[in-house]
Amino acid sequence: MNYHQYYPIDVVNGPGTRCTLFVSGCLHQCRGCYNQSTWRVDSGQPFTQTIENQIIADLKDHSIKRQGLSLSGGDPLHPHNIPTILQLVQRVREECPDKDIWLWTGYIFNQLSEIQREVVNYLHVLVDGKFEQALYDPSLIWRGSHNQVIHYLR
Ligand code: SF4
């Protein structure tokens with residue numbers, strides 16, 4: 001898996017102060033996408049074990065109180081990204097049980113594949129659906145268009 005950005009301190013993508021990772025790779029091609037540079041799976045840079053370890057260390061760092069991890073992109077549920085994302089969310093749940101995990105995807109919750117649902121099992125919140133320009137509303141929080149749904153899973 002490749003990624004574009006990792007922010008160890010982020011207050012925009014989800015509630016509270018968070019770690020946020022923007023991964024590479026997206027098949028949805030939404031009109032009006034704000035992040036087209038992330039569509040190719042080989043864009044950005046490799047997501048290494050070092051970065052994974054850094055995320056875990058940042059979540060465990062008590063000098064800054066973080067509420068959790070946000071995974072966006074690109075699409076973290078792109079088939080190419082699933083093995084790495086699955087490993088990451090498993091580690092966060094195991095090693096940082098007090099943190100929540102939010103994930104944004106262009107896929108629809110009830111149309112996910114078996115392996116995508118395996119990732120979702122570890123999430124606290126899934127924000128789903130493609131960005132629909134006609135349904136765009138800047139007053140929405142944590143989603144861009146009205147068709148997208150914030151699923152609170154636990
Ligand atoms: S799902 Fe997100 S990253 Fe992918 S095309 Fe749509 S808006 Fe862009």
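# A guided tour from helix α2 to the ligand site

Begin by selecting Leu86, which is found in helix α2. The model on the screen is a predicted one. With a relative accessibility of 10%, Leu86 falls under the 20% limit and therefore counts as buried.

**The nonpolar core**

Keep helix α2 in view and extend the selection to the largest nonpolar core, a set of 29 residues. Within this core, Leu21, Ile55, Leu71 and Leu77 have the most contacts. Next, colour the elements that give two or more residues to the core: strands β1 (2-10), β2 (18-23), β4 (68-72) and β5, together with helices α1 (49-60), α2 (82-95) and α3 (114-120). Which element supplies the largest share of this core? Helix α2 does, with six residues. In soluble globular proteins, nonpolar side chains tend to be buried together.

**Distances from Leu86**

Return to Leu86 and draw two C-alpha to C-alpha distances. The first runs to Asn121: the two residues are 35 apart in sequence and 9.7 Å apart in space. Asn121 is found in the loop between α3 and β6. Its relative accessible area is 52%, which is over the 50% limit, so Asn121 is exposed. The second distance runs to Asn35, which is 51 residues from Leu86 in sequence and 23 Å away in space.

**Glu52 in helix α1**

Now select Glu52, placed in helix α1. Is this residue buried or exposed? Glu52 counts as buried, because its relative accessibility is 3%. From its C-alpha atom, draw a line to that of Val92: the separation is 9.8 Å, with the two positions 40 residues apart in sequence numbering.

**The aromatic pairs**

Hide the helices and show the aromatic side chains. The structure holds six aromatic pairs. Select Trp102 and Tyr152 to examine one of them: the ring centres are 6.0 Å apart and the planes stand at 90 degrees, so the pair is edge-to-face. This pair links distant parts of the chain, since Trp102 belongs to strand β5 (residues 100-104) and Tyr152 to strand β7 (residues 149-152), 50 residues apart. The two partners can also be viewed by accessibility. Trp102 counts as buried at 3% relative accessibility, whereas Tyr152 is exposed, with a relative accessible area of 55%.

Add Trp104 and Trp142 to the selection; together with Trp102 and Tyr152 they form one aromatic cluster. Centre the view on Trp142, whose place is in the loop between β6 (125-128) and β7. Trp142 is not a glycine, yet its phi is positive, near 65 degrees. Its relative accessible area is 27%, so Trp142 is partly exposed.

**Gln148 and Gly106**

The loop between β6 and β7 also contains Gln148, the next residue to select. Gln148 is buried, because its relative accessible area is 10%. Draw the C-alpha to C-alpha distance from Gln148 to Gly106: the separation is 8.6 Å, for residues 42 apart along the chain. Gly106 leads to the next stop, as it is among the residues around the ligand.

**The ligand and its surroundings**

Select the ligand, which sits in the largest pocket. Which residues are around the ligand? They are Cys26, His28, Gln29, Cys30, Cys33, Tyr34, Trp39, Gly74, Gly106 and Phe131. Colouring this shell by class gives six nonpolar and four polar residues, with no charged residue.

Two members of the shell merit a look at the backbone. The first is Gln29, in the loop between β2 and β3 (45-46). Although Gln29 is not a glycine, its phi is positive, at about 50 degrees. Gln29 is exposed, because its relative accessible area of 54% is over the 50% limit.

The second is Gly74, which lies in the loop between β4 and α2. Show the backbone atoms of Gly73 and Gly74: a cis peptide bond joins them, with omega at about 15 degrees.

From Gly74, the loop can be followed to helix α2, where the tour began with Leu86.

Technical notes
Residues numbered from 1 in each chain as written. Predicted model: local features only at pLDDT ≥ 70, side-chain atom pairs only at ≥ 80, totals over all residues. Heavy atoms only, no water. Near = heavy atom within 4 Å. 1 Å grid on protein atoms, 1.4 Å probe; cavity = no way out; pocket = protein on both sides within 12 Å on 5 of 7 lines; lining within 4 Å. Sits in = over half its atoms within 2 Å of the grid points. Nonpolar A, V, L, I, M, F, W, Y, C, P; charged D, E, K, R; others polar. Phe/Tyr/Trp six-rings, centres within 6.5 Å; stacked < 30°, edge-to-face > 60°. Helix = DSSP H or I, 4+ residues; strand = E, 2+ residues; numbered from the N terminus. Buried < 20%, exposed > 50% of the residue type's maximum accessible area, 1.4 Å probe, protein only. Core = buried A, V, L, I, M, F, W, Y, C linked by side-chain atoms within 4.5 Å.
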